[in-house]
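Work through the exercises below with the sequence and the structure open. Each task is followed by a solution in steps.

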Amino acid sequence: MSWLDRIRPTGLATKNKEGGTVPEGLWEKCQRCSAPLYRPELERNLDVCPKCDYHLRIGARRRIDIFLDKDNREELDADIEPVDRLKFKDVKKYKDRLTAAQKSTGEKDALVSMRGELKSAPVVVAAFEFAFHGGSMGQAVGEKFARAAKLCLEENIPLVCFSATGGARMQEALISLMQMAKTSAILERMSQQGTPYISVMTDPVYGGVSASLAMLGDINIAEPGARAGFAGPNIIEQTIRQKLPEGFQRSEFLLEHGSIDMIVSRLELRDTIASLLSKLTGRTQPGETQPVVPQAESALDTNPASGEDISETNITQ
Amino acid sequence: MNLDYLDFEQPIAELEAKIEELQLVGNDNGLNIAEEVQKLGEKSRKLTQTIYSKLSSWQIVQVARHPLRPHAKDYIDRVFTDFEELHGDRHFGDDKAIIGGVARLDGKPVVVIGEEKGRSVADKVERNFGMPKPEGYRKALRLMEMAERFKMPVLTLIDTPGAYPGIDSEERGISESIARNLAVMSRLKTPIIATVIGEGSSGGAIAIGVSDWLNMLQYATYFVISPEGCANIIWKTAEKAPLAAEAMGVTSTVLQELGIADETIPEPLGGCHRDFEAMALTLSERLIEQLERLQSEPLDMLLEKRYERLMSCGNS
């Protein structure tokens, strides 16, 4: 029993999904190292465990919020809604599943896109909302991605996509499969035109999204420990009837096998991507006008040391 | 139970067995049973017609996977002439789940690429049951790029239970290999016709499926996830696959309604496994006609149309 468990009033404890108990509100427990995490502290550290560097999953809006400069943001195509062309019904109606997902996430579908600036340079960013139907790609997600890419093509602005998805959406059947071809086709136009596209894989990226837009970056990046692959580990285990090796399909595996260019900590994504894009677009790197997270980033800027050091800096603040 | 017939076809199998028996008896005893045989034959045809006129989605999935159904190689041998198989992705190996090469269709040079499930047990194992690995898709890409250079149209034959879900597949970047094909095929400067001849399963199918014209044989199926896989996720049991097949709309009828498939090519009565030659002839006629039409269009217009088609897919 940790010191926290001993001092915590029992009334504050709630069961979370994994069955562990975390105090309601301000404290939670790191899913990997079980360290107690103080919510405001964690937020300053961009939801990365200061003890073990575990990257917690974050939603699409927060993802975009911590990536873009604060000013000059404009959400794109917020009106695009999913359509149930097949009138798909299993134990529940797809329509009802959509309504429930919309209610619980506040999003119309699983992709949020925004134009804005990254260290004062224009950029378009798309982020998958994993909490919406497992971040799955159906027509609305494909269309929204394609429109974001179209804007990039027209104005020659780099595109950055953060994927977090289980793959193509079953309930839209072959229409979902076709979104793979659609997103790949417009990315190919960007590639031919020389408009940069950076794909950032965040835990998890599978199936039809992995086999289309996520793997087609001019530069492919993954967050530490993110899982990405074509087939899910269960499917592979069932097929080959053997246990999968430790670390299979994690970012480190992807890097080793040449699928991605680099693994970048969430705390360094802004800096790294800004630096990469400034080179790809032939700019001199502009100075950061408005740091989004001064504490965490300044800690990194002055002291490029390990995660523990950052956490200590944060805790003493 | 006759294994050459699916369970819902067993009444046909019984009739056919009777006919065979009668013929044997007739031959042995010199009896004239022609009339009787003809009657039974007619009955069998009618029964087949009745059964095949109201197949459920799940039954069509079974026909599409019928063990006797013609495979890519069967069509390559019959539809094309002068086929020369070309091997290897130039990086890692030669994936036998995909057959590719140059051939002639109606005398004109084409590149043919097909997913091949294999026929005999040994053949099936060698071809990994038609589940391509990255090197298979990269071989296909190499051949398509060659087709572009030499102004040959590309004809693909889709028939796969899916891209291979294995450790080596992931290690060599199966996702990237599929994604790359989708990207390049969308702008390949030569006409592409894709035909789903059996089972078109998910990413493994579309990886050679981006096209100017998409054919489906009448009893072919095309899905984003196998009905068993879908049922496993939703109902937690593969036994509900018939429900999943119905819900996803995996048949040519539904896909043509959705504007995804362009044409359904009719199969001989009782499915194309009952008559390879007739099926190959129909397919060849359709491909020749389609290709002529696509080749008569200016290439830049063809490419713009292909792109627009991809962009508008699913937008109502």
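**Exercise 1. State what share of the residues in chain A is buried, and describe the make-up of the chain.**

Step 1. Of the 317 residues in chain A, 54% are buried, where buried means under 20% relative accessible area, exposed over 50%, and partly exposed in between (1.4 Å probe, protein chains only).
Step 2. The model is predicted: local features need pLDDT of at least 70, side-chain atom pairs count only at pLDDT 80 or more, and totals for chains, interfaces and linings use all residues. Residues are numbered from 1 along each chain as its sequence is written, chains are lettered from A and ligands numbered from 1 in the order in which they are written, and side-chain values use heavy atoms, with hydrogens and water left out.
Step 3. Chain A has 12 helices and 11 strands; helices (H or I, at least four residues) and strands (E, at least two) are DSSP runs, numbered from the N terminus.
Step 4. Take the contacts in chain A between residues at least 6 apart in sequence: 66% of them join residues at least 24 apart. Contact means heavy atoms within 4.5 Å.

**Exercise 2. Trace the sheet of chain A that has the order E5-E6-E7-E8-E9-E10-E11.**

Step 1. The sheet is open, has 7 strands and is mixed in its pairing; two strands pair if DSSP finds at least two bridges between them.
Step 2. E5 and E11 (262-263) of chain A are the edge strands, each with a single partner strand, so one side of each has no neighbour in the sheet.
Step 3. E5 (residues 74-76) runs antiparallel to E6(A), and 3 bridges join them. Glu74(A) is opposite Arg115(A) in this pair.
Step 4. E6(A) also pairs with E7 (residues 121-128) of chain A, in the antiparallel sense and over 8 bridges. Here Met114(A) faces Val125(A).
Step 5. E6(A) and E7(A) make a hairpin with 2 residues between them, and Lys119(A) in the turn has a positive phi of about 50°.
Step 6. In E6 (residues 111-118) of chain A, 6 of the 8 residues are buried, so this strand is largely enclosed by the rest of the structure.
Step 7. E9 (residues 197-205) and E10 (residues 219-222) of chain A pair in the parallel sense over 4 bridges, with Ile198(A) opposite Ile219(A).

**Exercise 3. Examine the backbone at Pro204(A), Ala173(A) and Lys151(B).**

Step 1. Most residues other than glycine have a negative phi, and most peptide bonds are trans.
Step 2. The peptide bond from Asp203(A) to Pro204(A) is cis, with omega near -10°; Pro204(A) is in strand E9 of chain A.
Step 3. Ala173(A), not a glycine, has a positive phi of about 40°. Ala173(A) belongs to helix H6 (residues 173-193) of chain A and, at 4% relative accessibility, is buried.
Step 4. Lys151(B) has a positive phi near 55°. Lys151(B) sits in the loop between helix H6 (134-149) and strand E4 (154-160) of chain B and, at 70% relative accessibility, is exposed.

**Exercise 4. Describe how H10(B) and H11(B) pack, and what surrounds H3(B).**

Step 1. Two packed helices are described by the angle between their axes and the distance between the axes.
Step 2. The axes of H10 (residues 227-234) and H11 (residues 241-248) of chain B come within 8 Å and cross at roughly 105°. Axes are lines fitted to C-alpha atoms, for helices over the stretch in contact, and angles run from 0 to 180 degrees between N-to-C directions.
Step 3. H10(B) and H11(B) are therefore roughly perpendicular; angles under 35 degrees count as roughly parallel, over 145 as roughly antiparallel, 65 to 115 as roughly perpendicular and the rest as oblique.
Step 4. Pro227(B), Glu228(B), Cys230(B) and Ala231(B) in H10(B) meet Ala241(B), Ala244(B), Ala245(B) and Met248(B) in H11(B).
Step 5. In helix H3 (residues 57-64) of chain B, 7 of the 8 residues are buried, so H3(B) is largely enclosed by the rest of the structure. Trp58(B) and Ile60(B) are among the buried residues.
Step 6. The cover over the buried residues of H3(B) includes H10 and H11 of chain B, along with helix H2 (34-53).

**Exercise 5. Give the extent of the contact between chain B and chain A.**

Step 1. Chain B contributes 45 residues and chain A 49 residues.
Step 2. About 4,100 Å² is buried between the chains, and carbon and sulfur atoms give 71% of this area. Buried area is the accessible area (1.4 Å probe) that two parts lose on being put together, summed over both.
Step 3. In chain B, Ile167(B), Glu170(B) and Val224(B) lose the most area to chain A, together 15% of what that side buries.
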